[in-house]
Amino acid sequence: MDLTSAGYTQGLNREAPWDSFDSRAYHQHNYAFLRKEDQEIIEAVRDYFCEHFRKHPDRPDSGIDVGAGTNLYPALSLLPWCSNITLYEHSVENVLWLEREVAAFSANWGAFWDVFTERPEYRAVSDPRGAVASAAAVGKGDLFDLPRARWGIGTMFFVAESMSTAYREFEGAVAAFARALTPRAPFAAAFMENSQGYQVGDLLFPACGVDAEDVRGALAPFAEDLRISRVRLPEDPIRSGYTGMILACGRRV
Ligand SMILES: C[S@@+](CC[C@H](N)C(=O)[O-])C[C@H]1O[C@@H](n2cnc3c(N)ncnc32)[C@H](O)[C@@H]1O
């Protein structure tokens with residue numbers, strides 16, 4: 001998709017129609033069932049957090065998923081590690097969707113949870129639906145306003161590169177996410193690779209084309225033990241206009 005020919009010429013974060021984000025369409029298109037590439041990401045995040053907490057058993061008080069949208073699997077990745085999870089979101093529509101889902105999440109998330117439960121740390125959460133309902137709270141806000149050094153574990157999936165066409169806003173979003181974490185907090189962040197923008201329902205949303213080196217460069221000043229991996233484009237990609245996915249796991253310095 002070419003945003004310019006589609007009439008979307010600017011593309012700064014504040015200019016996109018976030019409050020008209022069609023939550024249902026986005027959820028249906030991306031998360032109605034478990035796709036191979038999400039499974040690959042879940043396995044890597046699950047194993048990174050398990051490895052981290054085996055080496056560093058102190059559990060954080062609270063975790064955050066930044067730009068949660070209509071994706072609950074980053075929140076599921078946090079469940080064994082903290083008893084308070086903030087689902088931080090900018091869009092009114094996504095906030096309403098999250099509030100409904102948190103109360104009793106839908107059956108589709110069962111297949112995602114099953115991948116987590118291949119590790120005993122996740123199996124120990126016997127009632128994930130109840131655990132999400134009691135641990136997660138939705139917070140409405142702009143990630144550029146996040147407080148510093150507040151959360152002890154964090155995730156941010158498909159947000160920093162999928163909110164603006166401006167590279168400086170991609171870098172700023174990564175920095176805001178990292179700065180919101182406390183020293184030595186483990187994190188996982190996922191990015192679309194070389195995204196040209198995306199359509200949700202009838203509306204177009206901006207993206208900034210980034211690759212693994214851009215992700216490394218944006219996170220490196222804030223992270224140690226940084227592990228960047230590339231998830232290849234599947235045979236049936238969710239849409240056109242991107243070349244794969246990038247996962248970054250690490251620890252806040
Ligand atoms: C491509 S969606 C990703 C949603 C979800 N994390 C996922 O994994 O599918 C981008 C998300 O970023 C949110 N977003 C955009 N600008 C934001 C901002 N300034 N602060 C916080 N969230 C923002 C949008 O509302 C949307 O939910």
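Between two helix axes, angles under 35 degrees count as roughly parallel, over 145 as roughly antiparallel, 65 to 115 as roughly perpendicular and the rest as oblique. The model here is predicted, with local features needing pLDDT of at least 70, side-chain atom pairs counting only at pLDDT 80 or more, and totals for chains, interfaces and linings using all residues. Residues are numbered from 1 along each chain as its sequence is written, and side-chain values use heavy atoms, leaving out hydrogens and water.

**Where H2 meets H5**
- Helix H2 (residues 36-55) and helix H5 (residues 109-116) have axes that come within 9 Å and cross at roughly 40 degrees.
- H2 and H5 are therefore oblique to each other.
- From H2, the contact (heavy atoms within 4.5 Å) uses Asp38, Gln39, Ile42, Glu43 and Arg46, while H5 brings Phe112, Val115 and Phe116.

**H2 by itself**
- The 20 residues of H2 should span 28 Å at 1.5 Å a residue (1.5 Å times one less than the number of residues), which agrees with end C-alpha atoms 29 Å apart.
- Buried residues (under 20% relative accessible area, 1.4 Å probe, protein chains only; exposed is over 50%, partly exposed in between) in H2 include Ile42 and Arg46, both also part of the contact with H5.
- Tyr48, Phe49 and Phe53 are also among the buried residues of H2.

**Around glutamine 28**
- Glutamine 28 sits in helix H1 (residues 23-31) and is partly exposed, at a relative accessible area of 48%.
- Between glutamine 28 and threonine 70 there are 9.3 Å in space, C-alpha to C-alpha, and 42 residues in sequence.

Notes:
Axes are lines fitted to C-alpha atoms, for helices over the stretch in contact, and angles run from 0 to 180 degrees between N-to-C directions. Helices (H or I, at least four residues) and strands (E, at least two) are DSSP runs, numbered from the N terminus.
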